[in-house]
Amino acid sequence: MSETMKAAVLHAVGDMRIEDVPKPEVTSPDDVLIRITSVGICGSDIHFLKHGRIGNIILDKPTIMGHESAGEVVGIGSAVTRVEPGDLVAIEPGKTCRRCEFCKSGHYNLCREVVFLAAPPADGAFCEYLVWPEDFVFKMPEGMTADEGAMMEPLSVGLHAVRSAGVRGGDSVAVLGAGPIGLTTLMSAKAHGATTIIVTDVFDTRLANAKRMGATHVINVRETDPVAAIKDLTGSRGVDASFDCVGSELTLQQALQVARNQGAMQCVGNPQELLPRLPIFEIINRELTVRGTFRYVNCYPPAITLTAAGAVDVRSMVTHHFPLAETVKAMEWVDQNKDKVIKAVIHP
Ligand SMILES: [Zn+2]
Ligand SMILES: [Zn+2]
């Protein structure tokens with residue numbers, strides 16, 4: 001029998017088990033075998049545990065969850081040149097075909113043949129070992145930790161959103177929602193030179209995190225109307241770019257309303273409703289650019305560089321730690337304590 005490893009396998013809604021599964025092996029010349037040491041728990045993992053699907057990605061076979069991972073290289077294929085055993089690496093969770101029009105034109109996040117960790121039927125990284133192609137494995141410089149490596153995934157989401165909004169030095173931005181993606185968006189905006197960074201949320205604890213990570217203004221939407229407050233803070237002009245990191249009908253409407261004329265409105269959060277009502281006249285009469293941002297493209301290298309340079313602080317995003325054996329408990333705990341946790345990390 002081949003070697004086995006421990007993994008957190010989701011069998012069905014509410015049914016995740018720690019099991020022995022086959023340990024993967026290097027089979028292709030560009031394979032990298034990684035011993036996983038740090039994996040962030042993402043809202044999407046919890047969504048699969050509770051609902052068994054996200055949009056049209058459906059859990060139809062037992063699947064290992066987890067996609068925000070980092071670890072140590074322990075084996076390489078014959079053609080691998082950029083990493084070697086002993087290197088600490090961050091793992092970009094989508095491996096793409098590298099042949100389609102989207103891959104070839106630099107928009108590989110839209111590749112239809114992508115295999116994405118923990119998007120069923122593809123297994124994820126809540127396990128001890130992973131084999132992944134060298135193209136999507138990134139060596140981290142001396143001084144960076146595996147926990148920071150795991151955070152390169154949510155940081156890349158924020159970075160991609162900020163880059164596609166075209167944020168420039170001196171810009172004003174509004175980030176709606178101060179969960180992990182709201183925080184990486186705000187840090188990315190700051191790193192790109194935004195000087196007015198307004199963040200909204202319903203929890204004061206989350207707003208305090210936002211403040212600590214560089215927000216210039218925070219608004220608790222339970223007490224204050226964010227649209228009026230953001231207009232106030234920008235001399236009724238609105239912000240250069242707004243980011244909806246919640247996905248509710250209300251925040252989508254707010255994000256449209258607070259963008260300046262010809263400003264950018266980025267849809268980052270997964271929508272909570274299939275057909276949210278949006279004031280299209282705002283888009284037309286004020287020539288707004290509304291953009292969806294899906295995952296990320298070529299963001300791991302700059303995410304690592306920004307982290308190593310101290311331009312973003314992902315280290316303080318990791319607030320809780322659990323062993324692999326407690327993955328289910330950890331996910332339930334995170335789900336019930338959204339105001340207390342930024343990121344919980346599993347250590348296989
Ligand atoms: Zn994630
Ligand atoms: Zn492709």
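This passage walks through two zinc sites, two helix pairs and a few single residues in a predicted model.

Zinc comes up twice, and the ion called ligand 2 is a handy place to start. The protein holds this zinc ion (ligand 2) through four sulfur donors, the SG atoms of Cys97, Cys100, Cys103 and Cys111, which sit 2.3 to 2.4 Å from the metal. Along the chain, these donor residues follow the pattern C-x2-C-x2-C-x7-C. The angles that the four donor atoms subtend around the zinc ion (ligand 2) run from 105 to 117°, so the arrangement counts as tetrahedral. As a yardstick, the ideal angle for four tetrahedral donors is 109.5 degrees. Among the donor residues, cysteine 100 and cysteine 103 are both buried.

The other ion, ligand 1, has a mixed set of partners. Cys42 (SG), His67 (NE2) and Glu68 (OE) coordinate this zinc ion (ligand 1), at 2.2 to 2.5 Å. In sequence, the donors of ligand 1 are spaced C-x24-H-E. Cysteine 42 and glutamate 68 tie together distant parts of the chain, being 26 residues apart. Cysteine 42 belongs to the loop between β3 (31-40) and α1 (43-51), while glutamate 68 is in strand β7 (residues 68-76). Both cysteine 42 and glutamate 68 are buried.

Next come the helices. Packed helices can be summed up by two things, the angle between their axes and the distance between those axes. For helix α4 (residues 152-165) and helix α5 (residues 180-191), the axes come within 8 Å and cross at roughly 55°. That angle falls outside the ranges for parallel, antiparallel and perpendicular, and α4 and α5 are therefore oblique to each other. The crossing of α4 past α5 is right-handed. On the α4 side, the residues that meet α5 are Pro154, Leu155, Val157, Gly158, Leu159 and Val162. Their partners in α5 are Ile181, Thr184, Thr185, Ser188 and Ala189.

Helix α4 also carries serine 156. With a relative accessible area of 0%, serine 156 is buried. Setting aside residues up to four places away in sequence, serine 156 touches Arg295, Tyr296, Cys299, Tyr300 and Ala303.

The second pair is helix α7 (residues 226-233) and helix α8 (residues 249-258), which pack at about 20° with their axes 10 Å apart. Since angles under 35 degrees count as roughly parallel, α7 and α8 are described as roughly parallel to each other. Here too the crossing is right-handed, with α7 passing α8. Pro226, Val227, Ile230 and Lys231 are the α7 residues that meet Gln254, Gln257 and Val258 in α8.

Two further residues round out the picture. Glutamate 148 has its place in helix α3 (residues 146-150). Its relative accessibility is 7%, so glutamate 148 counts as buried. Glutamate 148 and valine 318 are 170 residues apart along the chain, yet their C-alpha atoms are separated by 8.1 Å. Not counting neighbours within four places in sequence, glutamate 148 is in contact with Gly143, Thr307, Val314 and Arg315.

Valine 202 is in the loop between β14 (196-201) and α6 (204-212). This valine 202 is partly exposed, at a relative accessible area of 31%. From valine 202 to glutamate 223 there are 21 residues in sequence and 8.7 Å in space, C-alpha to C-alpha. Apart from neighbours within four places in sequence, valine 202 is in contact with Asn220, Val221 and Arg222.

Technical notes: Residues numbered from 1 in each chain as written. Chains lettered and ligands numbered in written order. Predicted model: local features only at pLDDT ≥ 70, side-chain atom pairs only at ≥ 80, totals over all residues. Heavy atoms only, no water. Donors = N, O, S within 2.8 Å, 3.2 Å for Na, K, Ca; no water. Tetrahedral: all angles 85-135°; square planar, octahedral: opposite > 155°, others 65-115°. Buried < 20%, exposed > 50% of the residue type's maximum accessible area, 1.4 Å probe, protein only. Axes fitted to C-alpha atoms, helices over the stretch in contact; angles between N-to-C directions. Helix = DSSP H or I, 4+ residues; strand = E, 2+ residues; numbered from the N terminus. Parallel < 35°, antiparallel > 145°, perpendicular 65-115°, else oblique. Left-handed = near helix turned anticlockwise from the far one by under 90°. Contact = heavy atoms within 4.5 Å.
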